[in-house]
Amino acid sequence: THQRVNVEILSVLPKTGEGEDTRQRSEDLQLLNLLPTESGEYFKALIRSQDVRSTERDSVKTWECFQPGDIIRATVLSLGDGASFYLTTASNDLGVVFARNEDGELLYPLDWETMVAPGTGEIEKRKCAKPF
């Protein structure tokens, strides 16, 4: 919508301290993948338009930053309203990680707000995450 993005939480990364072994971190991640609830749904979350980025918050157009099917990296901002967590992508390393265009072609980030399909050269707007 214009004011928020509805999200399903697929997995949770554990908090890591400095100097922790990355091999242990990936094993923890596998253990922390969330399973659907008894009703078959994943945990729900919201990203409000003011939580998409840290600058120019008033001019954020959520439909340009995220599209259905995008895989994003976000941080939990709060527990929300009981039905949904509140997430934020207001950091350079947070945002869209994987995306596909309408033809199913994988998109690659050009900069922090643009992704491109290498085969066709098609450009789409997204709030891209800085790669690790």
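From the N terminus on, the elements of the protein chain follow the order β-α-β-α-β-β-β-β-β-β-β. That makes 2 helices and 9 strands. The model is predicted. Of the 132 residues of the protein chain, 28% count as buried. Among contacts with a separation of 6 or more, 50% join residues 24 or more positions apart.

Confidence was examined next. The protein chain averages a pLDDT of 79, and 77% of the residues score at least 70. Confidence is highest in strand S9 (residues 123–125), at a mean of 92. Confidence is lowest in helix H1 (residues 22–32), where the mean is 43. Over residues 21–32, pLDDT stays under 50. The model has 8 contacts beyond four places in sequence for residues 21–32. Where pLDDT is low, predicted coordinates should not be read in detail.

The largest nonpolar core has 16 residues. Those with the most contacts inside this core are Val 7, Ile 47, Val 52, Phe 66 and Met 115. Strand S1 (4–9), strand S2 (43–48) and strand S6 (95–100) each supply at least two residues of this core. S1 gives the most, with 3 residues. Ile 47, one of the residues with the most contacts inside the core, has contacts with residues distant from it in sequence. Setting aside residues up to four places away in sequence, Ile 47 touches Gln 3, Arg 4, Val 5 and Val 7. Ile 47 also touches Val 52, Phe 66, Ile 72, Leu 87 and Thr 89.

Val 5 is found in strand S1. Val 5 has a relative accessible area of 13% and is therefore buried, the limit being under 20%. Leaving aside neighbours within four places in sequence, Val 5 is in contact with Ala 45, Leu 46 and Ile 47. Thr 62 and Phe 66 are also in contact with Val 5. Val 5 and Cys 65 are 60 residues apart in sequence, yet their C-alpha atoms are 9.4 Å apart in space.

Thr 62, a contact of Val 5, lies in helix H2 (residues 62–65). Thr 62 counts as buried, at 2% relative accessibility. Not counting residues up to four places away in sequence, Thr 62 touches Thr 1, His 2, Gln 3, Arg 4 and Val 5. Ser 49 and Val 52 are also touched by Thr 62.

Val 52 recurs among the contacts of Ala 90. Ala 90 lies in the loop between strand S5 (85–88) and S6. With a relative accessible area of 25%, Ala 90 is partly exposed. Beyond residues up to four places away in sequence, Ala 90 touches Asp 51, Val 52, Arg 53 and Ser 54. The C-alpha atoms of Ala 90 and Asp 51 are separated by 5.8 Å, although the two residues are 39 residues apart along the chain.

Gly 95 has its place in strand S6. Gly 95 is buried, with a relative accessible area of 0%. Among residues over four places away in sequence, Gly 95 touches Ile 71, Ile 72, Arg 73 and Thr 89. Gly 95 also touches Lys 127, Cys 128 and Ala 129. Gly 95 and Arg 126 are 31 residues apart along the chain, with 8.2 Å between their C-alpha atoms. Ile 72 and Thr 89 are also touched by Ile 47.

Finally, pockets were considered. The second largest pocket holds about 200 Å³ of space. Of the 15 residues that line this pocket, the closest to its centre are Ser 91, Asn 92, Trp 112, Lys 127 and Cys 128. The residues of the lining divide into 6 nonpolar, 5 polar and 4 charged. Lys 127 and Cys 128 are also among the contacts of Gly 95.

Notes: Residues are numbered from 1 along each chain as its sequence is written. This is a predicted model: local features need pLDDT of at least 70, side-chain atom pairs count only at pLDDT 80 or more; totals for chains, interfaces and linings use all residues. Side-chain values use heavy atoms; hydrogens and water are left out. A nonpolar core is a set of buried Ala, Val, Leu, Ile, Met, Phe, Trp, Tyr and Cys residues joined through side-chain atoms within 4.5 Å. Buried means under 20% relative accessible area, exposed over 50%, partly exposed in between (1.4 Å probe, protein chains only). Helices (H or I, at least four residues) and strands (E, at least two) are DSSP runs, numbered from the N terminus. Contact means heavy atoms within 4.5 Å. On a 1 Å grid over the protein atoms alone, a cavity is a set of points where a 1.4 Å probe fits but cannot get out, and a pocket is an open set with protein on both sides within 12 Å along at least five of seven lines; lining residues have an atom within 4 Å of a point. Grid points are joined across faces, edges and corners, and a volume is the space filled by probe spheres set on the points. Ala, Val, Leu, Ile, Met, Phe, Trp, Tyr, Cys and Pro count as nonpolar, Asp, Glu, Lys and Arg as charged, and the others, Gly among them, as polar. pLDDT is the predictor's confidence in each residue, from 0 to 100.
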